[in-house]
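Thanks for making time this morning. I will go from the whole chain down to single pairs of side chains. Please keep the coordinates open while I talk.

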Amino acid sequence: MQRIVVFCLLLLTQACQVSPQANHVVELPDLEQYKLESKHNVPSIESMYQLSEAQKKQLHLFVNKASISTLPKHAQAFKFLQTRLVNFDFDGKNYFASESLALGQGNCMALAMLTYAVAKELGIDINFQVMHTIPVLLDVSDKLAITSDHVRSFLYLKDEEKQKGYFNPTNRIVIDYFPDRYDRGGKLISESEFFAMFYRNLAADALVENNFDYAYLLLKQAVTLAPEYGPAINMLAVLSRKQGYQPLAEALYQYGLEVSDDKVTLLNNYHVLLVKQGRVSEAKSIKDKILLSNDQNPYIWYVQARDAIAANDFYSAKIYLKKFIKNASYYHKAYFDLAKVHFQLGEPYQAKKAISLALTHSSSTEDKGVYLAKLNWLKSLQR
């Protein structure tokens, strides 16, 4: 199996997937409740992946080379991308395909969009898979956290090419952006969800710049494209709450919880809304659901744990960290966080045990030094 290995960062405002209950129709809340103070032009889908005429010519000249033209189509696309990514600057910007190719820059989604553009131009089947990764905090703006994740692309051999004799054991090429040994494969996503994801990324950029109306329009477009796409629903609800549209935010949370399989982030942000409104008993009910929930993305629990620690909610943090470690026992930093939580809860024996496990799973000399120092400090407290 061939793969391109490149670096990427995908802006993510906490994700959840969707699955409506059978025979239960749930309507998206009226998004026109949000009154825009100014107009913005939302980019079209075509503008995101459309290459310039010069770039199309460049692509076709490449694939028509004698050494390339004999390859199956998906291998031709792979070779083209491979040559263009040699000196690529894998920064964190959400460029459109033509921009990314012209500048030689872009984040994970920009590269995925470029891959889509090449596949589209050459008539190649393409699919995308969300990859769950260890969360890395990229930016915080007015308590809005943006974390990293990435997608990978699959280029497929066409059926007619198989009949011509092109065949290999996989009949596909995986283009994996910044793969890591800790990655967990998520679901395959449709084209609608892929473009909704890109709109959501653009909205994240707008939020960081405090351009709330534009972010709203972008998220509205994302939800219009993929009405059951949890990350956009969640982000739209958070924005609505921050902008003072509390009923709309609550309606979006309730809608998302109806159509989403992965409810943790929606529940968590719904809990925030209820707490801010002083609805104690309802907030407690939602918090109980979070504590009892499961999620296919183990890293979501690490995000929840860090949020709980920041809020001094060490009891919840302990539960979240244990959920995370159950599915990601190799991640040494989680044990260190768990040790700090145990210490705050007055559980020194468990704290020492957690730090010992952090030492066991860490391969970094620097981290081991920190953990050993903390372990010795804990031991000194009991002498």
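The chain exposes about 18,000 Å², and carbon and sulfur atoms supply 51% of that area. Keep in mind that this is a predicted model. Of the 383 residues in the chain, 52% are buried. The secondary structure comes to 18 helices and 7 strands. If you take contacts between residues at least 6 apart in sequence, 67% of them join residues at least 24 apart.

Now the interior. In soluble globular proteins, nonpolar side chains tend to be buried together. Here the largest nonpolar core has 109 residues, and M48, M113, V118, F194, F195, Y253 and F324 are the ones with the most contacts inside it. Helix α8, residues 191–208, gives the largest share of this core, with 11 residues. To look at one of those well-connected positions, take V118: leaving out residues up to four places away in sequence, V118 touches L59, A77, F80 and L81.

Next, helix α16. This helix has 13 residues and runs 19 Å from its first C-alpha to its last, close to the 18 Å expected at 1.5 Å a residue. Its buried residues are H332, A334, Y335, F336, D337, L338, A339, V341 and H342. What do they pack against? The buried residues of α16 pack against α14, α15, α17 and α18. Just after the helix, G346 takes a positive phi of about 75°.

F343 also belongs to α16, which covers residues 332–344, but F343 is not on the buried list. Its relative accessible area is 36%, so F343 counts as partly exposed. Together with W377 and L381, F343 makes a nonpolar surface patch of about 300 Å².

On to charges. Side chains of opposite charge can pair when their charged atoms come close. The structure holds 10 salt bridges, and I will show three.

The local case is E53 with K56, at 3.5 Å from N to O. Both residues lie in helix α2, residues 53–63, and they are 3 residues apart, about one turn of the helix. Are these two partners buried or exposed? E53 is exposed, because its relative accessible area is 60%, while K56, at 15%, counts as buried.

The next bridge joins R279 and E250, with 2.8 Å from N to O. R279 sits in the loop between α12 and α13 and E250 in helix α11, so the pair ties together parts that are 29 residues apart in sequence. R279 has 22% relative accessibility and therefore counts as partly exposed; E250, at 13%, counts as buried.

The third pair is K318 and E347, whose closest N and O atoms are 3.2 Å apart. This pair also links distant parts of the chain: K318 is in helix α15, residues 314–327, and E347 is in the loop between α16 and α17, 29 residues away. Both K318 and E347 are buried. As for shared partners, salt bridges join E250, R279 and E282 into one network.

To go back over the main items: a nonpolar core of 109 residues, a surface patch that includes F343, and 10 salt bridges. That is what I have; I will take questions now.

Technical notes:
Residues numbered from 1 in each chain as written. Predicted model: local features only at pLDDT ≥ 70, side-chain atom pairs only at ≥ 80, totals over all residues. Heavy atoms only, no water. Patch = residues over 30% accessible without salt bridge, like charges linked within 9 Å, V, L, I, M, F, W, Y side chains within 5 Å. Areas by Shrake-Rupley, 256 points an atom, 1.4 Å probe, with all protein chains shown as cover. Salt bridge = Lys/Arg side-chain N within 4 Å of Asp/Glu carboxyl O. Helix = DSSP H or I, 4+ residues; strand = E, 2+ residues; numbered from the N terminus. Buried < 20%, exposed > 50% of the residue type's maximum accessible area, 1.4 Å probe, protein only. Core = buried A, V, L, I, M, F, W, Y, C linked by side-chain atoms within 4.5 Å. Contact = heavy atoms within 4.5 Å. Expected span 1.5 Å × (residues − 1).
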